[in-house]
Amino acid sequence: MKWLHRYATLVAASTVILIAAGGMVTSTGSGLSVPDWPNTYGRFMFLFPFDKWVGGIFYEHSHRLIASTVGFLTVILAFWIWRVEPRAWVRRLGFAALGAVILQGVLGGMTVLLGLPPAVSIGHAGLAQLFFCITVTLALVTSPSWKTAPPALDDPLLRRIALTTTVLVYCQILIGATMRHIGAGMAIPTFPLAFGHVLPPIWTTAIAVHFAHRAGAVIVLGSVIATAAHVWRWHAGQRDLVRPATTMVILVCLQATLGALVVMSGLQPIINTAHVVNGALVLATSLVLTLRTRASSFQLSAPSFQSPVSSSQFPVSSANPGTANREPANPQTANRELANPRPANREPANLREVRG
């Protein structure tokens with residue numbers, strides 16, 4: 001199982017690279033540099049000549065190759081989990097990852113064939129983040145630390161706020177994807193004020209989406225800090241909670257900085273892509289913290305895979321374990337004991353009474 005965990009981690013790391021490649025495609029406007037799909041200019045994508053990887057073709061074609069590689073790795077992961085993983089819910093999650101990566105490939109093809117419609121492109125971006133979350137979850141739940149999780153965490157408040165933070169981060173990513181794919185990244189070209197005001201003096205769809213992304217950033221920042229502060233205050237001794245909480249705060253501060261630089265640099269592609277990738281890392285870290293707060297719940301709900309033992313074969317007496325496998329001498333003795341039970345705390349008067 002150690003190697004399964006390592007391989008699942010590799011798939012999750014590969015997904016980060018895939019998100020970065022997709023971010024560069026959008027940031028450089030290369031989405032239609034290769035106008036056909038699944039081939040590349042009529043050729044099988046893996047046989048497309050390297051000397052023709054120029055301009056936007058380099059970003060779009062690289063994105064396709066990386067996506068195909070991640071898809072192949074996911075197929076192996078899903079069947080590996082199915083063969084060796086005893087937990088049914090983990091096996092189902094493995095096949096969910098496989099289904100998500102297949103659907104992601106279909107959406108990627110549709111974005112090209114339909115000419116980059118915003119709805120499909122946004123769905124493609126949102127599903128990429130969900131697929132990443134699944135791979136991160138698989139890497140976590142196959143790790144040795146997950147299997148040796150501490151006793152159930154008696155903090156329902158932390159479970160609620162951690163889950164809320166994760167949902168808020170994902171919603172913020174969706175708003176960001178909408179902003180990118182409708183071309184609203186520079187709808188408000190000033191930072192931190194909007195055209196010199198706290199609220200934009202004029203409103204259009206692009207400005208509204210852009211401002212919603214900025215407002216969402218403030219909400220996410222507050223939620224992340226509140227979650228981490230709760231962990232630091234009440235669970236300072238639990239490293240499995242403190243580490244993701246601290247990492248999440250660092251990443252969300254970096255994310256806010258990158259967001260400001262995106263506007264001030266005029267959507268510089270590398271900075272813009274770094275903003276996308278770091279947002280995915282914030283989501284993953286928040287998800288890890290959320291799952292950690294519920295680790296024992298997952299384990300308690302997991303079925304036991306030990307050999308079933310019939311109580312009729314091995315009757316156990318909770319009052320006297322030493323008599324667990326002792327059969328009564330004869331049926332009359334058994335009936336007499338049932339008819340005249342002994343007091344619970346009575347001491348035997350003599351050895352003859354003990355022998356019956």
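In the predicted model, P38 is placed in the loop between α1 (2–27) and α2 (56–84), and the peptide bond that leads into this proline from W37 is cis, with omega near 5°. A cis peptide bond is also found from F191 to P192, again with omega near 5°; P192 has its place in the loop between α6 (156–181) and α7 (205–234).

W37, the residue that precedes the cis bond to P38, also contributes to a nonpolar surface patch of about 640 Å², which is made by this tryptophan together with I102, L103, V106, M110, L113 and L114. Among these residues, I102 lies in helix α3, which spans residues 88–113. The relative accessible area of I102 is 52%, and the residue is therefore classed as exposed, the cut-off for that class being over 50%.

Positive phi values in residues other than glycine were computed for two leucines, L116 and L267. L116, with phi near 60°, is found in the loop between α3 and α4 (118–141), where its relative accessible area of 34% makes it partly exposed. L267, for which phi is about 65°, is situated in the loop between α8 (239–264) and α9 (269–293); with a relative accessible area of 27%, L267 is likewise partly exposed, because this value falls between the limits of 20% and 50% that separate buried from exposed residues.

Definitions and conventions. Residues numbered from 1 in each chain as written. Predicted model: local features only at pLDDT ≥ 70, side-chain atom pairs only at ≥ 80, totals over all residues. Heavy atoms only, no water. Patch = residues over 30% accessible without salt bridge, like charges linked within 9 Å, V, L, I, M, F, W, Y side chains within 5 Å. Areas by Shrake-Rupley, 256 points an atom, 1.4 Å probe, with all protein chains shown as cover. Salt bridge = Lys/Arg side-chain N within 4 Å of Asp/Glu carboxyl O. Helix = DSSP H or I, 4+ residues; strand = E, 2+ residues; numbered from the N terminus. Buried < 20%, exposed > 50% of the residue type's maximum accessible area, 1.4 Å probe, protein only.
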